[in-house]
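Hello,

Here is the structure I promised to pass on to you. Have a look at it first, and then read on for what turned up.

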Amino acid sequence: MNHRIQAVADVLKKYRTFVLTTHVNPDGDGLGSEVALAEWLITQGKQVHILNHSATPDFYSFLDPNNRIKQFNEATDARTLADADVIVVLDTNHTDRVRSMQAHLLSSKAIKVCIDHHLDPEDFADHYLIDDDATSTGEIVYRLLVHLNENSLSPLISQALYCAIMTDTGSFRFPRVDAEIHRIIARLIECGADPVQIYHEVYEQWTAGRVQLLGDALASLRTEYNGRLAHITITQNDLKQTGTTEVDTDNFTIYPMQVAGVVAGILFLELKDGIKMSFRSKGDIPINELAKEFGGNGHKNAAGARLYNCSLADIKEVVLKAASKYITNGGFPA
Ligand SMILES: [Mn+2]
């Protein structure tokens with residue numbers, strides 16, 4: 001890991017113009033990692049653009065008081081990607097996850113750097129800083145910035161990294177949360193991150209519609225296989241009735257996992273053109289293997305997949321059937 005940190009640090013120091021990007025529907029980890037890295041690069045006199053396929057959800061705008069994050073506009077930004085010295089892809093290692101930017105990313109002559117914590121990277125970058133044992137991309141960016149300079153953690157950078165780690169650890173309670181990550185968090189608080197304020201910005205900004213959507217999702221909960229698997233379903237109609245969108249379903253997967261005896265949970269979300277599935281499991285159940293059967297990927301206990309041009313009813317039946325072999329053995333406690 002150390003020699004890979006050094007290789008990326010050398011790239012950051014050597015070059016002048018940077019584009020940072022993250023995955024479609026960016027989360028606190030993707031956005032926080034972008035802001036932290038951008039703010040540090042700017043202190044070094046670099047020219048930095050943060051360009052994302054998706055707009056930033058309103059409740060994450062507090063991360064970016066300097067308005068550095070822009071939604072990618074092909075007409076005006078294709079040139080920026082083509083001309084950059086370095087493109088850094090954060091919190092994903094598959095180029096299709098940057099959607100409208102993918103072709104421009106791949107064709108750019110820029111040096112490509114991938115900083116991420118997911119498994120099975122695509123072969124596209126010149127430098128990979130991937131640690132699939134890390135809680136978050138924010139944790140990896142923290143290690144990188146501290147490696148670059150002991151005093152790199154400004155209050156704004158600390159806030160961004162705290163948010164990244166908080167959101168990707170479900171507020172410090174997912175597997176891989178250990179003493180070391182709490183030491184990192186302690187350092188971020190010492191350097192200016194405000195836990196109360198960040199929690200408030202991220203988790204206490206729901207619309208009434210989102211709370212109503214959660215109600216619909218909870219009412220849809222069903223269990224299978226003697227209560228070992230729980231799943232919830234959100235339809236396009238649910239979104240329409242509550243005036244919500246896909247991003248409002250973020251983290252709804254925690255609720256099926258709260259049922260006693262459940263070892264695996266699935267959120268089925270009907271998209272306009274397909275189905276998104278979010279998988280969770282406990283203990284040693286490799287739910288990413290189930291996701292892979294449907295073209296997805298992820299971690300052992302948290303994974304996702306998207307299928308297009310298919311019906312919710314058909315997919316649910318097939319996926320629930322395929323899930324049985326993962327949940328009949330193992331689980332939690334092991
Ligand atoms: Mn992440």
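A good place to start is Asp91, which is buried, with a relative accessible area of 3%. Please keep in mind that this is a predicted model.

Asp91 is also one of the residues that hold the manganese ion: the ion is coordinated by Asp29 (OD), Asp91 (OD), His117 (NE2) and Asp168 (OD), at 2.1 to 2.3 Å. Along the chain, these donors follow the spacing D-x61-D-x25-H-x50-D. Asp91 sits in the loop between strand S4 (86-90) and helix H4 (102-107), while Asp168 belongs to helix H6 (residues 155-168), so this pair ties together parts that are 77 residues apart in sequence.

Now to the sheet. It is open and built from six strands in the order S3-S2-S1-S4-S5-S6, with parallel pairing. At its edges stand strand S3 (69-71) and strand S6 (127-130); each has a single partner strand, so one side of each is left without a neighbour in the sheet. From one strand to the next, the twist averages 25°.

If you would like a pair of strands to look at, try strand S1 (residues 17-22) and strand S2 (residues 47-52), which run parallel and are joined by four bridges. There you will find Phe18 opposite Val48 in S2. Helix H1 (residues 2-14) packs on the sheet, where it touches S1, S4, strand S5 (111-116) and S6. The direction of H1 makes about 125° with that of S6.

Enjoy exploring, and do write back with any questions.

Best wishes

Methods
Residues numbered from 1 in each chain as written. Predicted model: local features only at pLDDT ≥ 70, side-chain atom pairs only at ≥ 80, totals over all residues. Heavy atoms only, no water. Donors = N, O, S within 2.8 Å, 3.2 Å for Na, K, Ca; no water. Helix = DSSP H or I, 4+ residues; strand = E, 2+ residues; numbered from the N terminus. Buried < 20%, exposed > 50% of the residue type's maximum accessible area, 1.4 Å probe, protein only. Pairing = 2+ DSSP bridges. Axes fitted to C-alpha atoms, helices over the stretch in contact; angles between N-to-C directions. Contact = heavy atoms within 4.5 Å.
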